[in-house]
Structure formats: C-alpha cells, structure tokens
Amino acid sequence: RWQLCGRVSMATVKTFLLILTDDFIKVVQRIEGRGLGPSPLTVVRSLRGVAYEGDAFVEHFLGDPDPFPSGENEAPMWDPTLSEFIHLMVRHRIVGQAREEGVVLGSDGTTVALGSLLLGIEAGLVAGAGESVSGLYSLTIARNLGLSFLHSQDSQILGPDGCWDNVTFPRVFTLSGPPSLATDALVNGGMDGVLLGKYLSTHPLHALQLSTVLRDYYGLHPGGPPEGPHLISFQRRDNFRRLVNGSVLQELVLGSLATLQRLGEAEDTGQAAALEDVVKGGVQKFVHRYLECPVIIPRCQWGARPYRGSPTQLSLPLAFMYIHHTHTPRQPCLSFRQCTADMRAMQRFHQDVRRWDDIGYSFVAGSDGYIYEGRGWQWRGAHTRGHNTRGYGIAFVGDYTATLPARRSLELVRESLASCGVMAGWLTGNFTWHGHRQLVNTSCPGGALYLEIESWKQFRSRDQAARHH
C-alpha cells in the first residue's frame, strides 16, 4: 500500500506549515517516491480527491477521482496528521477574518490556489494519455469567473489580492478586502492550470516526474528570469494572453455557466441576453486587471513600514511619468526575496536618513519581472523635486549609468504599467515620459537608461519638458 511519509506528529505538521510552492512540490515528490512510484495522473487524482470531493462539476469532466483508473487494487494511504497539512494546501476556502486557505506563496512572490492548478494538470494529463477532455478552461478558471460575475451584485467582482503574515515563513494569507468568488490566488492558479494543462496535453511526461515540471515552472532563477517566452510562473499573464482573448473567454464562461445550470449547480435565470451582458462586463474587467495590467506587488507583501503622517491625495489624472534609477542599491534585484529586501532598505533610507514620510517613488521596477508598489497611483510621492503633484516617479532598481535594466522590466514599465494607468484613469492618454535629469540637477536615471527612454513613444525632450512644466 502507498504510505505518505509514515506517521507524523501534530507538532511536526505545525512545523511544516510554511505555505510555499516548494513545500507542496516536496509533498508531491514524496508521494512519487513511494514503492515503484505512482504515475503523475495517479498523484494528481489522489490530491483532487482531497480538494474536490463530491464536486459534480469537476466529476462531469474528469470522472470519479479514483487514483487508480486502470483497476489496481492499491490506494494511497494518507497519514491522518499529514492529511491535515495536505487539506490546508489544496482545499480552497475563505475563513474568518478574510483568511484564504488552499493557497501557497510562490518563489516569485505571487500567491496561487493549488486546487485550480491541479484540475488543469489532470485535464492535461488525461488529454495527453489520449482520452477526451473538453473542460480545461471550465475546470481551471471559467467556472470561478462565471460564478463571481453572477454573485458580485455590484460588490467585489474580481480579487482581491492579499498578503502573507511573513514572506520568509508564510503561514497565514489574509485578503486585502471583501472576497469575490475569483480571488487573485484562484485566478493565478487557474491560469497556471491552463498553461501547464496545455503543455502536458502535448508533452506526455513519460519518465519525467510531476514534481520536476512543477519545480521548473515555479522554481527560482538565480541569474534572474530568462528573456523571451518561457513556461514559467512570472510569465503567466503574457502566456495566458497568447492563448485567449476577451471574446473567447466570454464564450468559455457562458459555456461553464450553462453546464452548471444543467447540473443544477447554478440557477437558470432564463434571461440569456442579461446574462451575456453580465459576463461581457465581467470579462472586460478581467482582461484589464489580469491581462492588460502588470502584476504589482503590494506594499504589505514587501514588508513596508507604515506611512508617517497623513498621505496627500493626488488630483487625477496626472500627465507625466518621471524615470529614475535607484543608484543605491547599485545592482539589479533578480528575485522576489532580493527585491523585497531592496524595497525595505530604500524605505528605511528615505524615512530615517532623508526624513521623508515614506519611500519616495510611486512604483519600483525590479529585474525579477515585477513592479513593486511604492506610494501607488493615488498618493503624492517624493521623487522629482517641484513636480511630485504632477507626475509619477518610476524607479528601476540598480545603477544604469553604463548598462540597461532587464528588457522585461523596461517593457513592463513602458507598455504595461503606462497603458494600465491610462485605462484606469490615473494617467492622461497624452502623458509624456521624462528622465529625472530633465527637471532636477542630477545624473539620474543614468546615461544608458536616459538614452533608452529618449527612444520611447511620448518621450519629451529637455526643451519641451521645460516649456510644459
């Protein structure tokens, strides 16, 4: 019989409860290492039995979660204490005080619901084995979106994100606002499930283990994220956007709701036109939030101190984006852990040495593939003397006197962050880019970076900047 790690004391389980993707991968690896080793499909089905027991919608597409579909007599044995650990990791729910369970912290700083991920992986493995399965999108993301759109009632329709109690030793994830039925973690897990499911449907694992696929997708990249398209977690939004657009996603959501109605899992309103309008509006918000805008790591996730005093609200929209380099730290930050440490160091310097109320920048771009929230879209920063009420200060971590930031970081700021700000009404459509040195006597943002931004659309020269400021 399969045994998972033997018997484990409750004290040991509590010690294990660091909710990281790496912890989950280790659990998968230990299951794979028992006896002759169960197949990847066996592993996923046994975990699905924990996460989605009795779920008619899931069983409609994937059948009963029997981990041994070939008729084997053996079944996995879950040690009672470790089983509790697995339940916490894969069974999604919102509990008191807006705590979200069934989610894990990835090495890239984003939070992922494992249940949605597992459904996509199982659907992909089934398809890769030559069996028919048509519910990849329905299982992973479309059902959650449809139910959220139906039940939002003008409240929270998507999200929110949240923060871990400790990003080094994460145990509790708390949402930042009222939960929808499609939290950011569920959306992340759903997108990952689609991407890995698609991959596995055309790349059967054979001798490769599931834990290896997961580690490649969620693992650290010591030299920084690779350039170009790759099947890795920090590129989930780009990769998902290549697969679907708004109109396709709308049809997938409507199809999932129709299946739920046939199964008696959702009310049939009998008003097809009204339902289509609701879904269309919801999908438009989804596309803006998750496909057009970049991931912005919130303040609580990088361990920000509180603002000192009362922040000043900006009069929006603003018309300028001011580019900086941090100079100190001098080196690019290449990982979530390094970037969050740099953010804390910059905030300490700005507050304790310069005596500012907070970190000065509106946003900071790391070379790990993410944007970090400084003062954000709504609050006046301290980045460009004399111009802080008129534009946002965007800093790239590192000294860019002679070299450039990672291409991915440049694209995130130039394309994603800017267009997101325009669409949300934070930035005017005719906003302009400026280097810090154009407005203040400084070498910032460094010679190499300044030459780069001079080539950006909507960059304004020094003389033009002086006339318009």
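This is a tour of selections to make in a predicted model, from the whole chain down to single residues.

**Whole protein**

Start with everything shown as a cartoon. The secondary structure amounts to 17 helices and 14 strands. Colour by burial next: of the 469 residues in the protein, 53% are buried. Contacts can be sorted by sequence separation too. Taking those between residues at least 6 apart in sequence, 73% join residues at least 24 apart.

**Helix H3**

Select residues 40–51, which form helix H3. The helix has 12 residues, and from its first C-alpha to its last it reaches 17 Å, close to the 16 Å expected at 1.5 Å a residue. Now show its side chains. H3 is mostly covered, with 11 of its 12 residues buried. Among the buried residues are two arginines to pick out, Arg45 and Arg48. The buried set also includes Pro40, Leu41, Val43, Val44, Leu47, Val50 and Ala51, together with Thr42 and Ser46.

**The loop before H7**

Move to Val133, in the loop between helix H6 (114–128) and H7. Leaving aside neighbours within four places in sequence, Val133 is in contact with Phe61, Leu62, Ala123, Val126 and Ala127. Draw a C-alpha to C-alpha distance from Val133 to Ala123: the two are 6.4 Å apart in space and 10 residues apart in sequence.

**H7 against H8**

Continue into helix H7 (residues 136–151) and add helix H8 (residues 184–202). Their axes come within 9 Å and cross at roughly 165°. An angle over 145° counts as roughly antiparallel, so H7 is roughly antiparallel to H8. H7 passes H8 in a left-handed crossing.

To see the contact, show Leu136, Tyr137, Thr140, Ile141 and Asn144 on the H7 side. On the H8 side, show Leu186, Val187, Gly190, Met191, Gly193, Val194, Gly197 and Lys198. By class, the residues of this contact divide into seven nonpolar, five polar and one charged.

**H8 against H10**

Keep H8 and add helix H10 (residues 236–243). These two helices pack at an angle of about 65°, with their axes 10 Å apart. H8 passes H10 in a left-handed crossing. From H8, the contact uses Asn188, Met191, Asp192, Val194, Leu195 and Lys198. From H10 come Arg236, Arg237, Asn239, Phe240 and Leu243. The contact of H8 with H10 has five nonpolar, two polar and four charged residues.

Compare the two selections on H8: Met191, Val194 and Lys198 appear in the contact with H7 and also in the contact with H10.

**Arg236**

Centre the view on Arg236 in helix H10. Is this arginine buried or exposed? Arg236 counts as buried because its relative accessibility is 2%, and the cut-off for buried is under 20%. Not counting residues up to four places away in sequence, Arg236 touches Asn188, Met191, Asp192 and Leu195, among others. Other residues it touches include Asp108, Thr110, Val112, Tyr217, Tyr218 and Tyr370. Arg236 and Met191 are 45 residues apart in sequence, yet their C-alpha atoms are 6.7 Å apart.

**Gln250**

Finish at Gln250, which lies in helix H11 (residues 246–262). Gln250 also counts as buried, because its relative accessibility is 11%. Beyond its neighbours within four places in sequence, Gln250 is in contact with Glu276, Val279, Lys280 and Val283.

How values were computed. Residues numbered from 1 in each chain as written. Predicted model: local features only at pLDDT ≥ 70, side-chain atom pairs only at ≥ 80, totals over all residues. Heavy atoms only, no water. Axes fitted to C-alpha atoms, helices over the stretch in contact; angles between N-to-C directions. Helix = DSSP H or I, 4+ residues; strand = E, 2+ residues; numbered from the N terminus. Parallel < 35°, antiparallel > 145°, perpendicular 65-115°, else oblique. Left-handed = near helix turned anticlockwise from the far one by under 90°. Contact = heavy atoms within 4.5 Å. Nonpolar A, V, L, I, M, F, W, Y, C, P; charged D, E, K, R; others polar. Expected span 1.5 Å × (residues − 1). Buried < 20%, exposed > 50% of the residue type's maximum accessible area, 1.4 Å probe, protein only.
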